Amino acid sequence: MWEHNVHFTLTTNRVTDFELEHEKPRTFNLSVWQPTYFMYTFPENVSTILLKVTSASHICMTVSVQNIKCPVFDLETNVEFEGKHQTMTTQAAMFLEKDDFKEMNGFYVVFIVKPSNEVCEGYLQQTVIGPSNETDSKKTVTVEIKGTISGSQYLSAILGAIGFYLIFYVIAFIIGIVFAGCGLHKGLDELTQEEIGNERRSISSQPNESYGSICASTESSGDNILSPATSMNQIECSNSSDSLDESSIDFLHDASIEKEIVRTKTALFVSDLARKKRKKLAKSYRLYHWNLITIAIFYGLPVVQLVITYQRVLTSTGNQDLCYYNFACSHPLENYLSSFNNVFSNIGYIMLGLLFIVIVYRRDVLHKKILHKHGKLEKLYGIPQHFGLFYAMGLALFMEGIMSACYHVCPNYTNFQFDTSFMYIIACLNMLKIYQSRHPDINAKAHTAYFSMAVIIFIAVLGVVYGTNIFWILYALIHMLVTLVLTAQVYYMGRWNIDCNIFRRIWRLVITEGRKCTNPVYPSRFTLLLIGNIINWVFALYGAIKQPSDFATYLLAIFIGNLLLYCIFYIIMKLLYKEHLNWLVKIVICTSVITWAGSLYFFFQNLTSWSETPAGSRSGNRECILLDFYDHHDVWHFLSAISLFFSFMILLLLDDDLSHVRRDKIPVF
């Protein structure tokens, strides 16, 4: 125990600028040795405010909001024990409500400069701050507190979004009335009674042959169909249409030979690839949406539970570095959602997904009426109508809204896949639908397709978590090999066996057939696959060399690029074969192009980034741009939902001009 007295002098000064004033910026200096805090009291007519802190310096610091009580936690070691807090470099923002500070009707704002930039910039860009360099250790900060939108503006923004999408329902209803009432889409009804009678007599005069069978098209097929070891005498036509049912012929040797002959013709028509019974195919395609419903339930429920837990942890700890919001435009909904606007803006996916399902259901009902009215005649005309993939596309759009909303409850590094999983599924389903249109007998089974999508999602997770050099090299090799395998499978119309010898066969094909590239057997398919291979190889090599930090977006860009290529190819081939686009399809295509351009503009604004630190992500935050409620990313949600809906409508309406054209005159490409 110290026995001598110690003399000291205590000097106190009255602080005249301790309180922050409403909507009046305050600029001051900070240092690592001198934490600073101010007090703010809510005015009588203000219930919510936005606290915004900005600085030109990249020195790392913490901003904390605490209740007015002692002690004040103004040290780096204890600032996280009270209130809400954020790390920042150039900017930070918090939406605060008077109801959270009822006791004193105000709060303290605490500013603490950190001794290094490790927390804000990561381990690779540390900037140690010490007393040896006093100039660099100071940080000039501006703090401003201003009011937010009123409750009526809040409600107007919500109802405005709902009303906007209800307009699409009204337009769809009007177009449906116009088409039905004015007879703009007649299909088989455009045929004259004489033509209908001739077709029915043609069907009844060939009871033992199925339309599109190899026996019925021998003359038109030519000698190119047969290999030297095969003759038509080796192929017997069944006396029953049941022979076309996959369940009864696919395992027979004769049926396999018949498939080889039909699918390797140099000039294929839809009748050649629409040979299986409609009921069998319809049942197979219905599995797409039923399986997707099951996947959505089992995938969605744990996601909802997880994000609710994230929100509760955020509320209880006050650590706002947990979630990567655009804090400059983050409107809360009580304590339930910290960024309600980012969650609610996904309503477009949900409403337009439901609308698309309704439109598909209506077409499904109308098609069933045509089947009932015209019977077997329907099998001779138009693209085979199977709606299972369309229902799956609408459901995927609906689930994209749900999963994106869940992601935006607390967006961060650990749940990024919630926002992208169904985007992968949507891209894959669209490509499958385009291929199915003229290859109805060949398309992938539902369980195979969804398993492939699961593998893709798994690879996306690995790319984000373990994005090392080795991973990128392996991914590039796998990407290029898979592209080659799918090329062979598509080029030979599903008659290329995928087994352990596939790469040996590809090598032999390259050696023996490479010289024929100037005169391919299937020119249109060859052109598409050549361009597709070039694009995919460029994507793979770009990834291996540049190694983008956001692997999930990079992978999604690959699928969107392939889908766009396939869609453009399909439309160009239609025009080259003198098929027509009706006026509604042209309008939808033009609108889709415009909305996609706007969507991509807002998508690349980069308001946040979970691939950076919380402080680094917060540096890109921007204020609201629409109704003082929605930010750039919310506008991306609105426009991308519309773009996806119109893209779906393109696929739904694209071949309506062929509804009264015989299938043996519709080319396959």
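Me: Two strands pair if DSSP finds at least two bridges between them. In this predicted model, which residue in β8 stands opposite Tyr37?

Reply: The residue opposite Tyr37 is Val110 in β8. The contact between the strands can then be read as a whole: β3 (residues 36-41) and β8 (residues 106-113) are joined by 6 bridges and run antiparallel. Another pair in this ladder is Thr36, whose bridge partner in β8 is Phe111.

Me: In what order do the strands of the sheet stand?

Reply: The order is β1-β3-β8-β5-β6, which makes an open sheet of 5 strands with mixed pairing. The edges are taken by β1 (19-20) and β6 (84-88); each has a single partner strand, so one side of each is left without a neighbour in the sheet.

Me: Which way do the other pairs of strands run, parallel or antiparallel?

Reply: β1 and β3 run parallel and are joined by 2 bridges, with Tyr40 in β3 as the bridge partner of Leu20. β5 and β8 run antiparallel, with 7 bridges between them; here Gln66 has Tyr108 in β8 as its bridge partner. Strand β5 (residues 61-67) also runs antiparallel to β6, through 5 bridges, and Val65 stands opposite Lys84 in β6.

Me: A strand has two faces. Are those of β8 covered or uncovered?

Reply: Both faces are covered. On one side Gly106, Tyr108, Val110 and Ile112 are buried, and on the other Phe107, Val109, Phe111 and Val113 are buried as well. The count for the strand agrees, since 8 of the 8 residues of β8 are buried.

Me: How should one read a residue such as Lys138: where does it lie, and what does it touch?

Reply: Position in the chain and position in space should be read together. Lys138 lies in strand β9 (residues 138-147). It is 106 residues from Val32 in sequence, yet the two C-alpha atoms are 7.3 Å apart. Leaving out residues up to four places away in sequence, Lys138 touches Leu30, Ser31 and Ile59. Its relative accessible area is 46%, so it is partly exposed, a class that lies between 20% and 50%.

Me: What span is expected for helix α11, and what span does it have?

Reply: One compares the distance between the end C-alpha atoms with the expected value. Helix α11 (residues 417-438) has 22 residues and should span 32 Å at 1.5 Å a residue; its end C-alpha atoms are 33 Å apart, which agrees. Helix α19 (residues 632-653), also with 22 residues, reaches 31 Å, close to the expected 32 Å. At the N-terminal end of α19, Asp631 acts as a cap, with a side-chain oxygen 3.1 Å from the backbone nitrogen of His633.

Me: Why can α11 and α19 be called largely enclosed?

Reply: The reason is the number of buried residues. In α11, 22 of the 22 residues are buried, so the rest of the structure largely encloses this helix. In α19, 20 of the 22 are buried, so the same description applies.

Me: Which residues of the largest nonpolar core touch the most other members?

Reply: In soluble globular proteins, nonpolar side chains tend to be buried together. Here the largest such core has 117 residues, and Tyr288 and Leu429 touch the most other members. Helix α16 (residues 551-576) supplies the largest share, 15 residues. The core draws at least three residues from each of domain 2 (288-464 + 547-665) and domain 3 (468-545). Beyond its neighbours within four places in sequence, Leu429 is in contact with several residues, including Tyr288, Leu292, Leu389 and Met453. A second, separate core has 26 residues, among them Ile49, Val53, Val63 and Met94.

Me: Which backbone angles call for a second look?

Reply: Most residues other than glycine have a negative phi, and most peptide bonds are trans. Asn606 is not a glycine, yet its phi is positive, about 55°. Asn606 lies in the loop between α17 (583-603) and α18 (614-618), and it is exposed, with a relative accessible area of 55%. Leu627, in the loop between α18 and α19, likewise has a positive phi, near 60°. The peptide bond that joins Cys70 and Pro71 is cis, with omega about -5°, and Pro71 lies in the loop between β5 and β6.

Conventions. Residues are numbered from 1 along each chain as its sequence is written. This is a predicted model: local features need pLDDT of at least 70, side-chain atom pairs count only at pLDDT 80 or more; totals for chains, interfaces and linings use all residues. Side-chain values use heavy atoms; hydrogens and water are left out. Helices (H or I, at least four residues) and strands (E, at least two) are DSSP runs, numbered from the N terminus. The expected span of a helix is 1.5 Å times one less than its number of residues. Buried means under 20% relative accessible area, exposed over 50%, partly exposed in between (1.4 Å probe, protein chains only). A polar contact is a pair of N or O atoms within 3.5 Å; within protein, one must be able to donate a hydrogen and the other to accept it, and residues adjacent in sequence count only if both atoms are side-chain atoms. A nonpolar core is a set of buried Ala, Val, Leu, Ile, Met, Phe, Trp, Tyr and Cys residues joined through side-chain atoms within 4.5 Å. Domain bounds come from an automatic or database domain assignment. Contact means heavy atoms within 4.5 Å.
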